[in-house]
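Student: I would like a close look at a single part of this protein. Please take me through the sheet, strand by strand.

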Amino acid sequence: MEHTQEHEACLEQTRRYCVERPIYNQELLQGQLHRRERTPQTLRQKIAHSCRCSSKKAKSHLYSFLPILKWLPRYPVKEYLLGDIISGISTGVMQLPQGLAYALLAAVPPVFGLYSSFYPVFLYTFFGTSKHISIGTFAVISMMVGGVAVRQVPDEITSVGYNSTNVTDSFDYHERDTKRVQVAVTLAFLSGIIQLCLGLLRFGFVAIYLTEPLVRGFTTAAAVHVFTSQLKYLLGIKTNRYSGPLSVVYSIAAVLSKITTTNIAALIVGLTCIVLLLIGKEINLRFKKQLPVPIPMEIIVVIIGTGVSAGMNLSQSYGVDIVGSIPQGLRPPAVPEIQLIPAIFVDAIAIAIVGFSMAVSMAKIFALKHGYTIDGNQELIALGICNSVGSFFQSFSITCSMSRSLVQESTGGKTQIAGALSSVMVLLVIVAIGYLFEPLPQTVLAAIVMVNLKGMFKQFGDIAHFWRTSKVELAIWVVAFVASLFLGLDYGLLTAVAFAMITVIYRTQSPQYRILGQIPDTDIYCDVEDYEEVKEYPGIKIFQANTSLYFANSESYTGALKKKTGVDPCAILAARRKAQKRHAREIKAASQLRKKAVLKLTNDVEAGVKHEIANDELPVNGKFASADASVQDTSPDEHEHFVEPKTNIHSLILDFAPVNFVDSVGAKTLKTIIKEYKEVGVCVCIASCSGPVMSELTRLNFFDNTVTRESLFHSVHDAVLACQVRDGSASQ
C-alpha cells in the first residue's frame, strides 16, 4: 500500500504538459473565435414568456408551492413511519413545555404558546421543504415579540387600581394581557405577510446579509435578554418588564431593588428544576448512542412541578405564581388589529428576517447532512403562511427551534410527518388535558427557558475562535452583541447589519496589493515577497489587487500601484519639467556669457591688446573658452539625468484575475493610468480580464484609438512574453 502511494506521488511530481501556441491578446483571440449569436428579448417578450402557462409548468409551480404533493405519494411507510412516530412524540413532548415557557417571553398568557406550537407547525408540513427542522416557538423571536408588546402596552397603562380590590386587580391584568395578545398577533400577521411577499418576489437571498458572526453575536445578546427577563419568575418577585435601549440594565436594577422580597419557595422549586434539567441534558449528551430516545426531562419536570404545586397548594400557601387559567379547546379565528401596523412595521421586518435566517440556516445544515436540497424562497413562503394564517388563530411569531430540531433529527425523524405528529400532541393538550397544567409554577417555566439558553451562552467561545481566525468577523460579533444588548434587539440588529455592510466596504477599500514574479520555467506567477524562488523579469512589473475597481477604491488602487512598482509618472514628469527649466536657465546664462565675451573681444581688439586676445580670448573651434566652461558645468550624464529622468521599467502588467466588476470611475482611473505611464515610456497591459469585465469596459467606451484590445491579454504569461518581444524590437 505504501509503495503504491509513493509511486502515485512520484507520478504526480513527474507529470508535465507542454503547450505551443501563439501569444494571445484579446484582439487576436476574438478574431479566431466565433461568438454565439444571441437574440435579445424585448420586455414584451419576457413578460409574455413568464406569463405563458403549460401543464408541465403549472404542475411544477404547484409542486413548488405545495412540496407535500411531491414527497407524500412517494413516502416509504415501512422505512420511515416508525422513526417519524418516535421523533414526533419526542418533539411534541418538548414542544409542550417550551410553548408554555416561551409565551412568558412573548408577554402573553401561556395558552397562546400552545396555539403557536400547533397551527404553524401543522401548516409547515404542507408548505415547508426541510424534512428535519422543528417549527414553533423560539426564545429569540419570543423575546423580540415580548419587547414590542411591552413597548406598546407597558405595565404603567394598567397599573391604576392595582392597590384597590382583587376584582379590579384581576380586571387590569386581563385587560393588559388582552392588549398585548392583540399586539403579538398583529405582529405575527405583519411579519408573515412580509415573509410571504419576499418569498413570492424571490428575495430569499436577504438572509445572506445576516452573516454567521452577526447571527451568533445577536443570539448571544438575546440569550442575555431572555435570562434577565426570567430572573423575576425564578425569584418570585414582582417587577415591571422593560423594553427598548438599556432594558437589560433596567431589568437587573429592578430585580436587585426587590431582591429582599424573593419568594423562597419559588426559588427552591426553580433551582431544583434547573438542577434536574441540567442532569438530564448531561445524561442525554453522554449516553446519546446508548439511549433509543433522549430522556424528556422538560415534560418530566413540568409533570413533577405541576403535581407538587397542586399537592402542596403552593399558590395559596406560599404565594408562588402559577400558570393559571388554560382555556379548553380552540379559539374561533379573529382578524388582527390592522390599526397597529404603522407602529410595529419596523419590528415586523426585523422579526421576519431574523426568523427566516434562523430557519434557513438550520435547514441547510440538515439538508447538507442528509443529502437533499431546500428552496430558500419556498421556506420564506412557508414561514409567511405559518405566521400570517396562524395569527388569525391567536398565535405569535414563530421560527425554527434549534434544540427541538436536533431532537427531531436525532430520534429518527425522516420527513415533515414528525412535525405534524408533534403538533397533534399539542392539540390533544389544548383540547383535552390543558386544564391539568393550570397549577404549574411559573418558576418551572423560567427554569426550562434558562436551561435551554445553555447552548447560546456557549457562543461566548466564539470570541477566542474569531480572534484566531478573523479580526473583522470578531468585530462584527462584538458589535452585534453589544448593540443588541444595550440598544435592544431591534435597533441592535439594524446596527449590526449596518456595521457588517461597512466591513464589506472596508475590505474592498483595503485589499492586499502584490507584485508578482514567475516561478522559473513555468507560466505560474506568485507574490515575490512570499517565495524565494519567484523572480521578476527585468524591466517588467506585474501588479495584482484582490479587489474590484470602482469609485470607492480607485484612488487607493492608483496609490498602491505607484508605491509597489516604485514608478510615479507624475513625479517623473514633474522632475522632467523641473530639469528642463533648469537646463533652459543654464543655456540662457551661457548665452549671456557668450555675448559678454564677444563684446569684450571687440573692445580689446579696438584697444590694441593683441597679446591678451592671442593668449586668452581666441576662439577655439568656433567657441570661446569662458563660455564653453560655463556650459560644461554640468557633465553629459548629469545633464541627461536632470533633463530626461528615466525608469528602469519598460512594461507594467495589471493582473485583473481577481477583478469582478469595473464601474465608470474605475474605467476612467484605468485609462488615466495607461496614459500617464505611457508619457514616461512605460507600456501598460491588462491580463486575465474576465468576460463580464470585458463587456463592462466595452459598454463604458473604454476602448478607443489610444487604448485598444491589443493591450489586453488572455493570461499574465501571454502579457509577459508580449512585453519581452516588444522590448526586444525597440532595442533593435
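Tutor: What follows is a walk through the open sheet, with a short stop at a surface patch at the end. Keep in mind that the model is predicted.

Start with the layout. The sheet has six strands in the order 4-3-5-6-7-8, and the pairing is mixed. The edges are strand 4 (525-527) and strand 8 (712-713). Each has a single partner strand, so one side of each is left without a neighbour in the sheet. As background, strands of a sheet pair through backbone hydrogen bonds, either parallel or antiparallel.

Now take strand 3, residues 513-518. Is it enclosed or open to the outside? Five of its six residues are buried, so strand 3 is largely enclosed by the rest of the structure. Buried here means under 20% relative accessible area.

Strand 3 pairs with strand 4 on one hand and strand 5 on the other. With strand 4 it runs antiparallel, joined by three bridges. These two strands form a hairpin, with six residues between them. In that turn sits Asp 521, which has a positive phi of about 65°. With strand 5, strand 3 also runs antiparallel, and here four bridges join the pair.

Leu 516 is a good residue to follow across the sheet. Its bridge partner in strand 4 is Asp 527. Its bridge partner in strand 5 is Ile 542. Carry on from Ile 542, and the bridge partner in strand 6 is Ile 653. That last step crosses a parallel pair: strand 5 (residues 540-545) and strand 6 (residues 651-655) are joined by five bridges.

A helix belongs in this picture too. Helix 30 (residues 664-679) packs on the sheet and touches strand 6 and strand 7 (683-687). The direction of helix 30 makes about 145° with that of strand 7.

Last, the surface. Tyr 242, Leu 246, Val 249, Tyr 250, Val 478, Val 482 and Phe 486 form a nonpolar patch there. Together they have about 550 Å² of accessible area. Helix 12 (247-257) and helix 23 (471-487) are the elements that give two or more residues to the patch. Helix 23 gives the most, with three residues. Tyr 242 lies in the loop between helix 11 (212-235) and helix 12. At 31% relative accessibility, Tyr 242 counts as partly exposed.

Methods:
Residues numbered from 1 in each chain as written. Predicted model: local features only at pLDDT ≥ 70, side-chain atom pairs only at ≥ 80, totals over all residues. Heavy atoms only, no water. Pairing = 2+ DSSP bridges. Contact = heavy atoms within 4.5 Å. Axes fitted to C-alpha atoms, helices over the stretch in contact; angles between N-to-C directions. Patch = residues over 30% accessible without salt bridge, like charges linked within 9 Å, V, L, I, M, F, W, Y side chains within 5 Å. Areas by Shrake-Rupley, 256 points an atom, 1.4 Å probe, with all protein chains shown as cover. Salt bridge = Lys/Arg side-chain N within 4 Å of Asp/Glu carboxyl O. Buried < 20%, exposed > 50% of the residue type's maximum accessible area, 1.4 Å probe, protein only.
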